[in-house]
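Trainee: Please pick one part of this model and go through it closely, residue by residue where that helps. After that, place it in the rest of the chain.

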Amino acid sequence: MSSHRSDDSTTNDNTENSLPSPNRRSPVWEYYEPKLIDEDGVLKAVCKYCGSKMTAGRKIGTTSLRNHIAEYCSKIPSEVRKKFVATMKKPIEGPFVFDSQKSRELMITWCIRVKVPFNKFDDESFEPWMESMQPTFSSIGRQTIRNDCVSMFERMKRALHSELQTINSRICFTSDLWTSNQKLGYICVTAHYIDTDFVLKKKIIAFKDVKYPHTSVAIEEALTKCLMDYGIKEKNLHHNT
Ligand SMILES: [Zn+2]
């Protein structure tokens, strides 16, 4: 009887050892049973707390295992969960120093990229949110946000201006013209060029209104003004002749 049991356990051990062992470098494995199980040919990791079986294996990665422990496991004690979430955060190099200038820049970048209307920054819930993260963050109103956006635009425009001045390649342009529902005409001019690293670039260099009526003369005038603005009129004409 006792020898039979020892045989059984030996067989079990062998079966488990023959399964590929997961990459144990990730701290998430502390929260799962040491051995993976094979369920219909699919390797699964078993949560130590709730017993959930999560698909695992070398090619799958540990994202779903991490998410389960960090967010979804219903049985894990909250203290253990907090400890795990803390280990997932990137270690900070040296003491953290709040750089309000950098923070403002990043906020403006986000605001422009996701097209946040300026008045959203005047919402009464915005300041408490910012203060909860950084008490020294001074409140920013929509006027300041607007000014920051404009100065970022001017900085980027100056950078593009000097890039267009220094490149050796010919610059090509495409333009689009349309009329708004208030009968205002707009022109959008895009420059296409190859930069010094031989990368094809496409930049909008103007988005402005055009005098009505939109005759070829009006369009030519708008286009010329835009090329003069960037100091590339000569350059372009020179290359085209
Ligand atoms: Zn669980």
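Mentor: What follows takes the sheet and its two hairpins, then the helices on it, and then turns to other parts of the chain.

The model is predicted, so local features are given at a pLDDT of at least 70 and side-chain atom pairs at 80 or more, while totals for chains, interfaces and linings use all residues. Residues are numbered from 1 along each chain as its sequence is written, and side-chain values use heavy atoms, with hydrogens and water left out.

The protein chain has eight helices and six strands; helices here are DSSP runs of H or I with at least four residues, strands are runs of E with at least two, and both are numbered from the N terminus. Along the sequence the elements follow the pattern α-β-β-β-α-α-α-α-α-β-β-β-α-α.

The part to look at is an open sheet of three strands in the order β4-β5-β6, paired antiparallel. Two strands count as paired if DSSP finds at least two bridges between them. The edges are held by β4 and β6 (200-210), each of which has a single partner strand, so one side of each lacks a neighbour in the sheet. Ignoring direction, neighbouring strands are turned against each other by 20 degrees on average; such angles come from axes fitted to C-alpha atoms, for helices over the stretch in contact, and run from 0 to 180 degrees between N-to-C directions.

Take the pairs in turn. Strand β4 (residues 172-179) is joined to strand β5 (residues 185-194) by eight bridges, and the two run antiparallel. Within this pairing, S175 has V189 of β5 as its bridge partner. The two strands make a hairpin with five residues between them, and K183 in the turn takes a positive phi of about 65 degrees. On the other side, 10 bridges join β5 to β6, again antiparallel. V189 stands opposite A206 in β6, and V189 is also the partner of S175. The hairpin of β5 and β6 likewise has five residues between the strands, and F198 has a positive phi near 60 degrees.

T190 lies in β5. With a relative accessibility of 13%, T190 counts as buried (buried is under 20% relative accessible area, exposed over 50%, partly exposed in between, with a 1.4 Å probe and protein chains only). Leaving out residues up to four places away in sequence, T190 touches C172, F173, T174, K202, K203, I204 and I205; a contact means heavy atoms within 4.5 Å.

Two helices pack on the sheet. For the strand pair β5 and β6, joined by 10 bridges, the helix α6 packs against both, with its direction at about 120 degrees to that of β6. Helix α7 (residues 216-229) touches β4, β5 and β6, and its direction makes about 125 degrees with that of β6.

Now to the rest of the chain. Helix α6 (142-166) follows α5 (126-133), and Q134 sits in the loop between them. Q134 is buried at a relative accessible area of 15% and touches F96 and F98, not counting residues up to four places away in sequence.

Elsewhere, helix α2 (residues 63-72) packs on helix α3 (residues 78-88): their axes come within 9 Å and cross at roughly 130 degrees. The two are therefore oblique to each other, a class for angles outside under 35 degrees (roughly parallel), over 145 (roughly antiparallel) and 65 to 115 (roughly perpendicular). The contact uses R66, H68, I69, A70, E71 and Y72 of α2 with R81, F84, V85 and M88 of α3. These residues divide into six nonpolar, one polar and three charged; Ala, Val, Leu, Ile, Met, Phe, Trp, Tyr, Cys and Pro count as nonpolar, Asp, Glu, Lys and Arg as charged, and the others, Gly among them, as polar. The buried residues of α2 are L65, H68, I69 and A70, and they pack against β2 (42-46), β3 (53-55) and α3.

C73 is in the loop between α2 and α3 and is buried at 2% relative accessibility. C73 touches C47, Y49, C50, H68 and R81, not counting residues up to four places away in sequence. From C73 to Y49 the C-alpha distance is 7.7 Å, at 24 residues apart in sequence.

For the chain as a whole, buried residues make up 27% of the 241 residues. Of the contacts with a separation of 6 or more, 41% are between residues 24 or more positions apart.
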